[in-house]
Amino acid sequence: MIQTGIGKVCHSDKDAIIHVDCVTHRYPDGTQGIHNMCFSVYPREIVTLCGPNGAGKSTLIEHLNGLMMPDVGGVRVFGEDMCKDNLSTIRKLVGLVFQDADSQLFSPTVLDDVMFGPLNLGLPLEEAKKRAEHALDVVGIKGVNKIPHNLSGGEKRLVAIAGVIAMEPKILAVDEPTGDLDPSNAKKMERLLTSLRDDHGMSVVIALHDMNMAARIADRVCIVKQGGIIAEGAPEDILYNDALLTSAGLELPTVARLFKDLGLEEEGVELPLTIEQLLNVIELKRP
Ligand SMILES: Nc1ncnc2c1ncn2[C@@H]1O[C@H](COP(=O)(O)OP(=O)(O)OP(=O)(O)O)[C@@H](O)[C@H]1O
Ligand SMILES: [Mg+2]
């Protein structure tokens with residue numbers, strides 16, 4: 001595996017708040033979802049899992065709160081080995097939003113749906129309602145009495161995220177969070193995920209194919225291929241590696257592609273990850 005400890009990313013395994021230790025999971029039909037997968041989550045970081053369709057991102061994500069259990073290997077969450085007996089504790093710490101938000105919503109109204117988790121934690125009705133209203137406010141959903149089934153795909157995703165935020169987990173794992181969002185809601189989602197790290201001190205794990213989003217938002221990038229992580233490191237190290245990304249069926253983010261194609265690579269020039277950073281580099285180089 002390519003592993004880069006330079007740049008912003010330098011962690012020791014003992015700091016990991018989740019450690020997926022050489023996990024293999026096979027589905028009932030015999031398909032291998034992940035194989036010998038090792039992955040860690042560190043405090044207060046956004047880590048992206050980038051990989052092509054079928055790479056194993058969702059399978060890994062569903063192991064983070066015990067929705068799936070490993071066939072081989074183990075998962076540690078805040079130092080506890082995950083097992084059937086501590087799943088309820090682990091699910092308070094790790095919230096998960098599925099790729100298919102539809103499957104996460106089942107209550108008669110949006111508010112009921114978001115209150116379900118806090119009520120399940122044993123909170124009194126008023127406290128659960130307060131948390132749910134706050135979480136819906138954070139994601140910007142107004143129609144709290146609507147039937148979840150009647151919401152648009154993007155709205156369902158936002159309600160599903162609110163449902164997890166209302167549980168106040170330490171770690172949020174989201175699967176393809178912007179897949180069905182329009183540009184304005186996608187931007188809002190990026191701001192929301194960033195603020196969960198910055199304002200709430202959470203760690204956020206995001207599975208996605210959108211390399212531009214990974215460039216804008218990630219503190220650390222993991223490349224997933226054929227059920228394993230083949231490379232991980234700081235975004236500037238991973239997202240400028242043309243050969244690596246091509247071998248994983250991915251592409252350079254647009255900013256990295258432009259930076260390379262414009263011949264801006266030069267000793268000492270920091271690799272830009274956002275359009276603003278790229279424009280700054282171009283401005284500095286202007287004669
Ligand atoms: N319920 C299932 N039964 C059998 N095989 C499955 C099942 N779910 C996933 N798989 C297989 O496991 C492998 C990993 O799938 P997974 O859904 O984790 O990939 P992914 O990286 O999330 O892909 P995508 O980007 O398409 O969401 C694939 O080969 C897939 O076909
Ligand atoms: Mg998936």
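This note sets out, point by point, the main features of a predicted model of a single chain with a bound ligand.

1. Overall fold. The chain holds 11 helices and 11 strands. Its radius of gyration is 19 Å, close to the 19 Å that the globule rule gives for 287 residues, so the chain is as compact as a globular protein of that length. Along the principal axes, the C-alpha atoms occupy a box of roughly 65 × 45 × 35 Å.

2. Burial and contact order. Buried residues make up 43% of the 287 residues of the chain. When contacts between residues at least 6 apart in sequence are considered, 67% of them join residues at least 24 apart.

3. Domain division. The assignment splits the chain into domain 1 (2–102 + 170–251) and domain 2 (253–287). Between the C-alpha centres of domain 1 and domain 2 the distance is 28 Å. To their contact, domain 1 contributes nine residues and domain 2 contributes seven residues. On the side of domain 1 that touches domain 2, helix 7 and helix 8 (235–238) are the elements that give two or more residues. Helix 7 gives the most to that side, with five residues. By class, the residues on this side of domain 1 are six nonpolar, one polar and two charged.

4. Ile217. This residue belongs to helix 7 (residues 211–217), the helix that gives the most to the side of domain 1 that touches domain 2. Ile217 counts as buried because it has 24 C-beta neighbours inside 10 Å, against a threshold of 20 or more. Leaving aside residues up to four places away in sequence, Ile217 touches Ile46, Glu190, Leu193 and Thr194. Of these partners, Glu190 is 27 residues from Ile217 in sequence, with a C-alpha to C-alpha distance of 7.2 Å.

5. Surroundings of ligand 1. The shell around ligand 1 has 13 residues, of which Tyr27, Asn53, Lys57, Ser58 and Thr59 come nearest. Helix 1 (residues 57–63) gives the most to this shell, with three residues. In composition, the shell has nine polar residues, two charged and two nonpolar.

6. Helix 5. The helix covers residues 153–165, and its 13 residues should span 18 Å at 1.5 Å a residue; the end C-alpha atoms are 19 Å apart, which agrees. Helix 5 is mostly covered, with 11 of its 13 residues buried. The buried residues are Glu155, Lys156, Arg157, Leu158, Val159, Ala160, Ile161, Ala162, Gly163, Val164 and Ile165. They pack against strand 7 (94–97), helix 3 (110–120), helix 4 (125–139) and strand 8 (171–175).

7. Helix 3. The packing described for helix 5 recurs here: the buried residues of helix 3 pack against helix 4 and helix 5. Those buried residues are Val110, Leu111, Asp113, Val114, Met115, Gly117 and Pro118. Just after helix 3, Gly122 takes a positive phi of about 95°.

8. Positive phi at Arg44 and Glu176. The phi of Arg44 is near 50°, a positive value in a residue other than glycine. Arg44 sits in the loop between strand 3 (32–41) and strand 4 (46–50). With 15 other C-beta atoms within 10 Å, Arg44 is partly exposed. Glu176 likewise is not a glycine and has a positive phi of about 50°. The loop that holds Glu176 runs between strand 8 and helix 6 (183–198). Glu176 is buried, since 21 other C-beta atoms lie within 10 Å. A reviewer may wish to view these two loop residues side by side.

9. Ser247. The position of Ser247 is in helix 9 (residues 242–247). Ser247 counts as partly exposed because it has 13 C-beta neighbours inside 10 Å, where 12 or fewer would make a residue exposed. Ser247 and Met68 are separated by 179 residues in sequence and by 28 Å in space, C-alpha to C-alpha.

Note on methods:
Residues numbered from 1 in each chain as written. Chains lettered and ligands numbered in written order. Predicted model: local features only at pLDDT ≥ 70, side-chain atom pairs only at ≥ 80, totals over all residues. Near = placed C-beta within 6 Å. Helix = DSSP H or I, 4+ residues; strand = E, 2+ residues; numbered from the N terminus. Nonpolar A, V, L, I, M, F, W, Y, C, P; charged D, E, K, R; others polar. Expected span 1.5 Å × (residues − 1). Contact = placed C-beta atoms within 7 Å. Rg over C-alpha atoms; globule rule 2.2 N^0.38 Å. Domains from an automatic or database assignment.
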